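The following exercises practise the reading of a protein model, one step at a time. Please attempt each task before consulting its solution.

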Amino acid sequence: MVVSFKNAKELNKVGNKAKFLVEMSNAKFNVPQGIIVDSDTYKEIIDDNNITKKINNLLSKLTKENTLEISNKIKKLFDSITINSNILNEINSLIKTNKLYAVRSSGTKEDADNYSFAGQY
């Protein structure tokens with residue numbers, strides 16, 4: 001699902017940051033409009049590019065000494081992905097080409113009752 005804040009209804013597949021921005025927008029707080037790419041769409045992009053096993057393989061080799069090297073290799077995997085035309089069309093239908101946007105991560109597992117991994121997804 002790719003959806004604008006104002007049309008977001010199913011918030012169980014978005015992170016807390018996105019969820020709270022939608023809730024604040026719905027409560028008429030002054031929140032700049034934005035779009036949400038949910039976790040299913042993210043997974044679809046990752047699966048389409050066959051990088052899950054590559055990421056897991058790299059993570060299995062992670063040590064304190066090679067953190068930067070492994071991180072750079074994972075980043076290169078993400079830099080090389082392509083997004084299918086259906087998802088791109090959904091995104092393009094919701095944004096204006098002459099406008100700047102901020103990109104914020106909002107992972108569905110960033111926060112829980114006993115821990116927080118904010119910014120790590």
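**Exercise 1.** Determine whether Ser-25 is buried or exposed in this predicted model.

*Solution.* Step 1: locate the residue; Ser-25 belongs to helix α1, which covers residues 16–26. Step 2: read the relative accessibility of Ser-25, which is 12%. Step 3: apply the cut-off, by which buried means under 20% relative accessible area. Ser-25 is therefore classed as buried. Step 4: list its contacts; apart from neighbours within four places in sequence, Ser-25 touches Val-31 and Gln-33.

**Exercise 2.** State where Leu-58 lies and which residues are in contact with Leu-58, leaving aside its neighbours within four places in sequence.

*Solution.* Step 1: Leu-58 is part of helix α3, residues 52–60. Step 2: its relative accessible area is 12%, so Leu-58 is buried. Step 3: with the neighbours within four places in sequence set aside, the contacts of Leu-58 are Ile-70, Lys-73, Ile-74 and Leu-77. Step 4: consider also Glu-69, eleven residues from Leu-58 along the chain; the two C-alpha atoms are 9.8 Å apart.

**Exercise 3.** Examine Lys-28 and Asn-50, and decide whether each is buried or exposed.

*Solution.* Step 1: Lys-28 occupies the loop between α1 and β2 (35–37), and Asn-50 occupies the loop between α2 (39–48) and α3. Step 2: consider the backbone; Lys-28 is not a glycine, yet its phi is positive, about 75°. Asn-50, also not a glycine, has a positive phi of about 50°. Step 3: exposed means over 50% relative accessible area. With 73%, Lys-28 is therefore exposed; with 57%, Asn-50 is exposed too.

**Exercise 4.** Describe the second largest pocket by its volume and its lining.

*Solution.* Step 1: the space in this pocket is about 200 Å³. Step 2: the lining consists of Ser-4, Lys-6, Gln-33, Gly-34, Ile-35, Leu-94, Ile-95, Lys-96, Lys-99 and Tyr-101. Step 3: sorted by character, the lining residues comprise four nonpolar, three polar and three charged. Gln-33, a member of this lining, is also a contact of Ser-25 from Exercise 1.

**Exercise 5.** Summarise the protein as a whole: how many helices and strands are there, and in what order do the elements run?

*Solution.* Step 1: there are five helices and two strands. Step 2: starting at the N terminus, the order is β-α-β-α-α-α-α. Step 3: the protein has 121 residues, of which 24% are buried. Step 4: the accessible surface is about 9200 Å², and carbon and sulfur atoms supply 53% of that surface.

Terms used
Residues numbered from 1 in each chain as written. Predicted model: local features only at pLDDT ≥ 70, side-chain atom pairs only at ≥ 80, totals over all residues. Heavy atoms only, no water. Buried < 20%, exposed > 50% of the residue type's maximum accessible area, 1.4 Å probe, protein only. Areas by Shrake-Rupley, 256 points an atom, 1.4 Å probe, with all protein chains shown as cover. Contact = heavy atoms within 4.5 Å. 1 Å grid on protein atoms, 1.4 Å probe; cavity = no way out; pocket = protein on both sides within 12 Å on 5 of 7 lines; lining within 4 Å. Points joined across faces, edges and corners; volume = space filled by probe spheres on them. Nonpolar A, V, L, I, M, F, W, Y, C, P; charged D, E, K, R; others polar.
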